[in-house]
Amino acid sequence: VAPRSAVARHAAFVRFRLLFVNAVSFWWGQSAAVDPVSSWTEMVFAVLDAAVSSPAANPAEYGLVVPEAAPRGLYLEFGVGSGKTTAAIASRLGALIGDAGRLHG
């Protein structure tokens with residue numbers, strides 16, 4: 001199992017931002033040198049933006065095999081607490097990739 005510091009360095013490579021709401025998220029943020037955000041939704045939108053630009057979502061652009069059944073083989077999972085949060089994720093995902101995205105809630 002990789003130590004937390006190794007994972008935090010990997011997180012910094014992605015350059016997402018973290019909401020500092022407790023000691024643990026503050027530690028992650030400091031270790032990965034990420035910037036704080038003002039809300040959980042802002043952080044989720046940053047994750048979605050990065051995800052739809054990734055090789056998993058665009059295998060052909062990265063010279064990877066494109067499975068016919070899943071040409072945008074991106075899978076994301078969020079633990080959401082309300083319908084408002086789910087709606088925000090669905091709206092952003094729709095704006096980024098249109099009908100290619102599926103949201104299961």
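**Note on the predicted model: pocket, helices and two loop residues**

1. The largest pocket has a volume of about 550 Å³, a value that, like the others in this note, comes from a predicted model. Its lining consists of 22 residues, and those closest to the centre of the pocket are Y75, L76, L93, R102 and L103.

2. As to the make-up of that lining, 15 of the residues are nonpolar, while 4 are polar and 3 are charged. Helix 4, which spans residues 83-97, gives the most to the lining of the largest pocket, with 4 residues. In general terms, a probe the size of a water molecule, rolled over the atoms, shows where empty space is left.

3. Turning to the overall architecture, the protein has 4 helices and 0 strands, and from the N terminus on its elements run α-α-α-α. Of the 105 residues in the protein, 24% are buried, and the protein exposes about 7,200 Å², with carbon and sulfur atoms supplying 59% of that area. When contacts between residues at least 6 apart in sequence are considered, 32% of them join residues at least 24 apart.

4. Which residues of helix 2 are buried? In this helix, which covers residues 23-32, they are S25, G29 and A32, and because they cover an arc of only 80 degrees around the axis, they lie on the same side of helix 2. An α-helix has 3.6 residues a turn, so residues three or four places apart point the same way. Directly after helix 2 comes A33, and the phi of A33 is positive, near 55 degrees.

5. The loop between helix 3 (40-52) and helix 4 contains N58, and it is worth asking whether this residue is buried or exposed. N58 has a relative accessible area of 11% and is therefore buried, the cut-off for that class being under 20%. Leaving aside residues up to four places away in sequence, N58 touches V52, S53 and R72.

6. E77 is likewise found in the loop between helix 3 and helix 4, but for E77 the relative accessible area is 66%, so this residue is exposed, given that the exposed class begins over 50%. E77 and H104 are 27 residues apart in sequence, and their C-alpha atoms are 9.4 Å apart in space.

7. To bring the loop residues together, the loop between helix 3 and helix 4 holds N58, which is buried, and also E77, which is exposed.

Terms used. Residues are numbered from 1 along each chain as its sequence is written. This is a predicted model: local features need pLDDT of at least 70, side-chain atom pairs count only at pLDDT 80 or more; totals for chains, interfaces and linings use all residues. Side-chain values use heavy atoms; hydrogens and water are left out. On a 1 Å grid over the protein atoms alone, a cavity is a set of points where a 1.4 Å probe fits but cannot get out, and a pocket is an open set with protein on both sides within 12 Å along at least five of seven lines; lining residues have an atom within 4 Å of a point. Grid points are joined across faces, edges and corners, and a volume is the space filled by probe spheres set on the points. Helices (H or I, at least four residues) and strands (E, at least two) are DSSP runs, numbered from the N terminus. Ala, Val, Leu, Ile, Met, Phe, Trp, Tyr, Cys and Pro count as nonpolar, Asp, Glu, Lys and Arg as charged, and the others, Gly among them, as polar. Buried means under 20% relative accessible area, exposed over 50%, partly exposed in between (1.4 Å probe, protein chains only). The arc is that of the directions from the helix axis to the C-beta atoms. Contact means heavy atoms within 4.5 Å. Accessible areas come from the Shrake-Rupley method with a 1.4 Å probe; for residues, only the protein chains shown count as cover.
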